[in-house]
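Hello,

Here is the structure I promised to pass on to you. Please have a look at it first, and then read on for what turned up in it.

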Amino acid sequence: MKRNQESGIAKFFGKPIVFVPMIIVIHLSLMILLAPLFSSLIRLIPDNEPEAAEIKGCSESAECFKYGMILHQARKYDRAAELLEKGCEMDNSLSCEVRGDLEYRKQVRNASPAAAEKFYARGCQLSNRMACHNEAKVISENFPDRKGAPEQLLTLWKKACDLGIPQSCAETGKMLFEQNDFAGAAKYAHQGCYVGITEGCVYETAAARRTGAAAPDIKKRRTLLIACEKNNIPLACYEYALTLPKKSQEEISAALPFLDKACAASKKQEFCNEARKMRYVLSLPWQPVKKTPERGRQ
């Protein structure tokens, strides 16, 4: 009986093994035929995302952020601001961040740095890393001379760095360097340099030299040169000049333009004094450095 069934299949399909591919062909044909029906059914499913014009308000923090972003994408910034502000008041940190962005980018009426700082500050309190970074940026750009600003900035840069913003790590390193905390500066600046932030590399190298670290390698020297010539960072020019050999007048003459650039760009006494010293050395009759004979040798 089994033999007869096999022979029947063979007569119909040719060979039994052809049966599996034929099933696949039939399934694909059915899918093609039924595709228009399925697409019509999908269109009948209600969309959970309302249109910007349909949004009237929100009742929960996540909903306020969601609807606020729909309005934001539709460039209805003032309406978006209302919902995002409400979301921020309900402790949605993302709402605070974007609400601050609207003020910082002047996308709403009567925008101001003070308002941007307020919303970023609330987001930072809720541990939103970008809110902390942006709050520090607003203060550094608009209120750097305000009483307590340096201490506040350092706290914010550190917090944003610890929450994972490399640029904040570089800024922390820079502030600590300027406060002569070279060990701390090297530690934080390294976290910025590690992901390729040029200023972080400059401050890491400069801080490391002041803690007695070995001279920078070729890669770090190259970074200093690029930071001086392309990014116009005075400290980079100064540090690069110090890495150059100065055993001849020609070598000192090659280093001097970098020191002059550092002095002119920053007016820092340390940079200008080094440039004056090199210029004074060049004005003297050149005397090659002689090696002192070692003791015990005749």
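**What was found**

Ala53 sits in the loop that runs between helix 2 (19-44) and helix 3. Before going further, please keep in mind that this is a predicted model. Is Ala53 buried or exposed? Its relative accessibility is 61%, so Ala53 counts as exposed. Ala53 also has a partner worth finding in the viewer: its C-alpha atom is 8.5 Å from that of Leu71, although 18 residues separate the two along the chain.

**The chain as a whole**

The protein chain holds 15 helices and zero strands. Of its 298 residues, 36% are buried. If you take the contacts between residues at least 6 apart in sequence, 47% of them join residues at least 24 apart.

**Helix 3 and its surroundings**

Leu71 brings us to helix 3, where it is one of the buried residues. The others buried in this helix are Cys64, Tyr67, Gly68, Ile70 and His72. In general, an α-helix has 3.6 residues a turn, so residues three or four places apart point the same way. You may like to keep that in mind as you look along the helix.

What covers these buried residues? Helix 4 (77-89) and helix 5 (93-104) are among the elements that do. As for its dimensions, helix 3 covers residues 61-73, which makes 13 residues. From its first C-alpha to its last it reaches 18 Å, close to the 18 Å expected at 1.5 Å a residue.

**Residues with a positive phi**

Most residues other than glycine have a negative phi, and most peptide bonds are trans. Against that background, here are some places to look at.

- Arg75, just after helix 3, takes a positive phi of about 65°.
- Asp91 is not a glycine, yet its phi is positive, at about 70°. You will find Asp91 in the loop between helix 4 and helix 5. Because its relative accessible area is 45%, Asp91 is partly exposed.
- Lys106, also a residue other than glycine, has a positive phi near 55°. Its place is the loop between helix 5 and helix 6 (113-125). With a relative accessibility of 66%, Lys106 counts as exposed.

**The disulfides**

A disulfide is a covalent bond between the sulfur atoms of two cysteines. How many disulfides does the count come to? The count is seven, and I will walk you through some of them.

Start with Cys88 and Cys96, whose sulfur atoms are 2.1 Å apart in a disulfide. The angle about the S-S bond is 100°, and the link of Cys88 and Cys96 is right-handed. Both Cys88 and Cys96 are buried.

Next, Cys161 and Cys169 form a disulfide, again with 2.1 Å between their sulfur atoms. This link of Cys161 and Cys169 is right-handed, with 95° about the S-S bond. Why do these two cysteines count as buried? The cut-off for buried is under 20% relative accessible area. Cys161 is at 4% relative accessibility, so it counts as buried. Cys169 has a relative accessible area of 3%, so it is buried too.

Further along, Cys263 and Cys272 are joined in a disulfide, with their sulfur atoms 2.1 Å apart. The torsion about the S-S bond of Cys263 and Cys272 is about 95°, so this disulfide is right-handed. Both Cys263 and Cys272 are buried.

**The largest pocket**

Rolling a probe the size of a water molecule over the atoms shows where empty space is left. In this model, the largest pocket has a volume of about 160 Å³. Which residues line it? The lining is made of Cys193, Cys201, Glu204, Thr205, Lys219, Lys220, Thr223 and Leu224.

Helix 11 (198-210) and helix 12 (218-229) each supply at least two residues of that lining. Helix 12 gives the most, with four residues. By character, the lining of the largest pocket divides into three nonpolar, two polar and three charged residues.

I hope you enjoy exploring it, and do write back with any questions.

Best wishes

Notes:
Residues are numbered from 1 along each chain as its sequence is written. This is a predicted model: local features need pLDDT of at least 70, side-chain atom pairs count only at pLDDT 80 or more; totals for chains, interfaces and linings use all residues. Side-chain values use heavy atoms; hydrogens and water are left out. On a 1 Å grid over the protein atoms alone, a cavity is a set of points where a 1.4 Å probe fits but cannot get out, and a pocket is an open set with protein on both sides within 12 Å along at least five of seven lines; lining residues have an atom within 4 Å of a point. Grid points are joined across faces, edges and corners, and a volume is the space filled by probe spheres set on the points. Ala, Val, Leu, Ile, Met, Phe, Trp, Tyr, Cys and Pro count as nonpolar, Asp, Glu, Lys and Arg as charged, and the others, Gly among them, as polar. A disulfide is a pair of cysteine sulfur atoms within 2.5 Å. Buried means under 20% relative accessible area, exposed over 50%, partly exposed in between (1.4 Å probe, protein chains only). The expected span of a helix is 1.5 Å times one less than its number of residues. Contact means heavy atoms within 4.5 Å.
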